[in-house]
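Reader: Hi! I have a new model open and I'm a bit lost. Could you walk me through it?

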Amino acid sequence: MALQSLDITRRSATSTQPPDRRKTQEVVKLIDVSKCIGCKACQAACMEWNDTRDVIGANHGVLDNPMDLTAASWTVMRYSEVETDRGLEWLIRKDGCMHCSDPGCLKACPAPGAIVQYSNGIVDFHEESCIGCGYCIAGCPFNIPRLSKKDSKVYKCTLCSDRVAVGLEPACAKTCPTGAIVFGTKEDMYHHAEGRISDLKSRGFAKAGIYDAPGVGGTHVMYVLQHADKPELYHGLVKDPDISPLVSLWKGVAKPLVTMAFGAGILGAVMHYVTKGPNEVSEEIEKEFKDEK
Amino acid sequence: MKNDPKKLLRYTPSERANHWLTAILFFLAALSGLSFFEPLYYPLTMLFAGGVWTRIIHPFLGVAMLISFAVMYAHFRQFNVMTPSDREWLSHVREMAGGDDRNMPEAGKFNGGQKLLFWLMTISMALLLLSGIVIWRAYFSPLFPLWLIRFSAVVHAAFGAIMIGLLLFHIYAAIWTKESIEAMLYGRVRRAWAKQHHPAWFREITGGGK
């Protein structure tokens with residue numbers, strides 16, 4: 001989404017300061033998995049607000065529909081039947097962009113301004129600057145961005161940055177009938193989560209807790225999980241996600257090092273030429289072949 | 001006359017054409033590739049009609065360069081077999097760079113440095129091809145696991161940088177060694193030049209005479 005913004009904290013492939021004249025409060029969408037009934041109203045609201053329409057897929061015999069995130073489905077409900085110490089449990093997680101404080105997609109992106117992070121924490125794709133290389137897909141620790149086959153641009157949840165910018169909550173939070181999705185400042189959402197966690201603990205979920213991924217500096221989509229010690233139960237939610245060291249190497253230290261090496265090499269060559277002189281045929285041999293010249 | 005038949009033929013017309021085609025494709029692939037590596041070079045995308053076009057054509061330029069390089073490899077491989085004398089040459093390379101060639105063993109058609117460069121470029125090309133396929137998002141990336149895509153991105157960037165470094169070295173060596181650019185442009189070299197820089201090759205094709 002493109003909106004003139006004066007509150008940009010980070011901008012992809014940009015080493016100078018982006019316009020961040022305005023500071024906004026950090027916002028969080030808190031998803032309380034224990035309250036989710038799997039109705040998919042959030043999926044419908046997301047399609048509705050963002051005006052995306054995915055292709056009609058096939059029934060795979062499970063509730064997951066569509067089966068995965070796509071360029072047109074920015075959020076999907078993930079249904080997992082798992083055996084825990086409480087017996088069979090049905091865990092439903094709303095999957096989508098986590099809006100990391102330290103976003104791997106933005107770090108990997110080579111196109112200036114194709115990915116931005118606002119001071120409220122939202123990580124947004126500006127598709128008109130996207131070149132379709134897919135580096136963000138390699139950079140993301142949560143496997144979220146999807147490349148459109150139609151226009152070769154990547155798409156993902158915007159956290160309804162357009163709604164948030166004018167003081168509204170994201171469409172999914174607005175529509176959630178059970179209050180499983182709530183939206184507010186990071187501080188308020190922590191406070192809300194604490195209440196939910198103590199409630200869950202009193203109901204026998206001893207390991208209930210918050211999922212905020214410190215490895216990526218915290219996220220702006222957080223979960224309340226009944227089994228916070230085993231996030232992978234929730235359709236493989238990554239335990240301790242972080243930006244891969246390979247991505248950090250590739251889009252971190254390697255960049256200045258290589259440029260400095262090129263510069264040093266070229267300067268070295270010039271210095272070698274002006275101090276040692278060219279490598280020419282010696283006088284001796286020239287004399288020997290005098291007649292040839 | 002540039003192509004005086006009294007001069008010695010060093011590169012045939014097809015060898016020269018092959019070399020310069022590879023060189024042009026290298027420049028195009030390197031300039032387009034640099035723009036994805038580091039934002040400092042992103043303005044280079046303007047040479048290729050913008051970021052999206054650069055992303056689309058870079059892999060095709062790479063494949064075209066690889067094909068041209070492969071032809072060159074198949075042909076020049078026979079002249080680039082490392083011999084003990086070449087290793088000896090390489091051990092004295094610092095003296096050579098310092099302008100003192102008295103202790104240099106006699107070089108054949110190619111000296112030890114040129115041969116080493118040939119093999120390093122061959123290895124880099126092979127790794128660039130393999131890693132490039134994995135990160136070619138439009139056609140191949142979905143076939144590979146995420147860890148391999150990340151690993152290949154690092155390999156591709158590293159060997160792209162190494163390849164550019166090798167080519168900068170190659171270009172400087174050609175500028176430093178006078179008349180070698182003319183050799184690759186026009187094909188023929190003066191006998192004095194051949195005796196100076198490639199004495200063993202000179203003897204081989206002239207039978208030792210003047």
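**A chat about the two chains**

Author: Happy to! Let's begin with one residue: Tyr234(A) has 22 C-beta neighbours inside 10 Å, so Tyr234(A) counts as buried. Keep in mind that this is a predicted model.

Reader: Nice. Where is Tyr234(A) placed in the chain?

Author: Tyr234(A) lies in a loop of chain A, between S11 and helix H7 (245-276).

Reader: And which residues does Tyr234(A) touch, if I skip those up to four places away in sequence?

Author: Those are Val33(A), Arg78(A), Ser80(A), Leu91(A), Arg93(A) and Leu225(A). There is also Trp90(A) to look at: it is 144 residues from Tyr234(A) in sequence, yet 9.4 Å away in space, C-alpha to C-alpha.

Reader: Val33(A) is on that list of partners. What is Val33(A) itself in contact with, leaving out neighbours within four places?

Author: Val33(A) is in contact with Leu91(A), Ile92(A), Arg93(A), Tyr223(A), Val224(A), Leu225(A), Gln226(A) and Tyr234(A). Val33(A) also belongs to the largest nonpolar core, which has 100 residues. Together with Cys109(A), Ile115(A) and Cys136(A), Val33(A) touches the most other members there.

Reader: Which helix gives the most to this core?

Author: That one is in chain B: helix H6 (residues 146-176) gives nine residues. There is a second, separate core too, made of eight residues, and among them are Val189(B), Trp193(B), Trp201(B) and Phe202(B).

Reader: OK, new topic. How many helices and strands does chain A have?

Author: Eight helices and 11 strands. Four of the strands form an open sheet with mixed pairing, in the order S9-S2-S11-S10 of chain A. Strand S9 (181-185) and strand S10 (209-211) are its edges, each paired on one side only. On average, neighbouring strands in this sheet are turned by 25° against each other, ignoring direction.

Reader: What about the pair S2 and S11 of chain A: parallel or antiparallel?

Author: Parallel! Strand S2 (residues 27-32) and strand S11 (residues 221-225) of chain A are joined by four bridges. If you want to find them on screen, look for Leu30(A), which stands opposite Met222(A) in S11(A). Helix H6 (residues 186-202) of chain A packs on the sheet, touching S2, S9, S10 and S11. The direction of that helix makes about 140° with the direction of S9(A).

Reader: Ile115(A) came up in the core. Which strand does Ile115(A) point out from?

Author: Strand S5 (residues 115-118) of chain A. Ile115(A) and Gln117(A) point one way from S5(A), Val116(A) and Tyr118(A) point the other way, and all are buried.

Reader: What does S5(A) pair with?

Author: One partner is strand S1 (residues 8-11) of chain A, which pairs with S5(A) in the antiparallel sense over three bridges. In that pair, Ile8(A) stands opposite Tyr118(A). Another partner is strand S6 (residues 123-125) of chain A, also antiparallel to S5(A) and joined to it by three bridges. There, Ile115(A) faces Phe125(A). S5(A) and S6(A) form a hairpin with four residues between the strands, and Gly121(A) in this hairpin takes a positive phi near 100°.

Reader: Cool. Zooming out, what is the radius of gyration of chain A?

Author: Chain A has 26 Å, while a compact globule of 293 residues would have a value near 19 Å. The C-alpha atoms of chain A fill a box of roughly 100 × 45 × 40 Å along the principal axes. Buried residues make up 40% of chain A.

Reader: And what helices and strands are in chain B?

Author: Chain B has nine helices and two strands. Starting at the N terminus, they run β-α-α-α-α-α-α-α-β-α-α. Of the 210 residues in chain B, 33% are buried.

Reader: Last thing: how many residues of chain B are in contact with chain A?

Author: 35 residues of chain B, in contact with 38 residues of chain A. On the chain B side, helix H1 (13-37), helix H2 (51-76), H6 and helix H8 (191-197) are the elements that give two or more residues. H6(B) gives the most, with 12 residues. By class, that side of chain B has 18 nonpolar, seven polar and 10 charged residues.

How values were computed
Residues are numbered from 1 along each chain as its sequence is written. Chains are lettered from A and ligands numbered from 1 in the order in which they are written. This is a predicted model: local features need pLDDT of at least 70, side-chain atom pairs count only at pLDDT 80 or more; totals for chains, interfaces and linings use all residues. The radius of gyration is taken over C-alpha atoms; the globule rule is 2.2 Å times the number of residues to the power 0.38. A residue is buried if 20 or more other C-beta atoms lie within 10 Å of its own, exposed if 12 or fewer, and partly exposed in between; C-beta atoms are placed from the backbone. Two strands pair if DSSP finds at least two bridges between them. Axes are lines fitted to C-alpha atoms, for helices over the stretch in contact, and angles run from 0 to 180 degrees between N-to-C directions. Two residues are in contact if their C-beta atoms, placed from the backbone, lie within 7 Å. A nonpolar core is a set of buried Ala, Val, Leu, Ile, Met, Phe, Trp, Tyr and Cys residues joined through C-beta atoms within 7 Å. Ala, Val, Leu, Ile, Met, Phe, Trp, Tyr, Cys and Pro count as nonpolar, Asp, Glu, Lys and Arg as charged, and the others, Gly among them, as polar.
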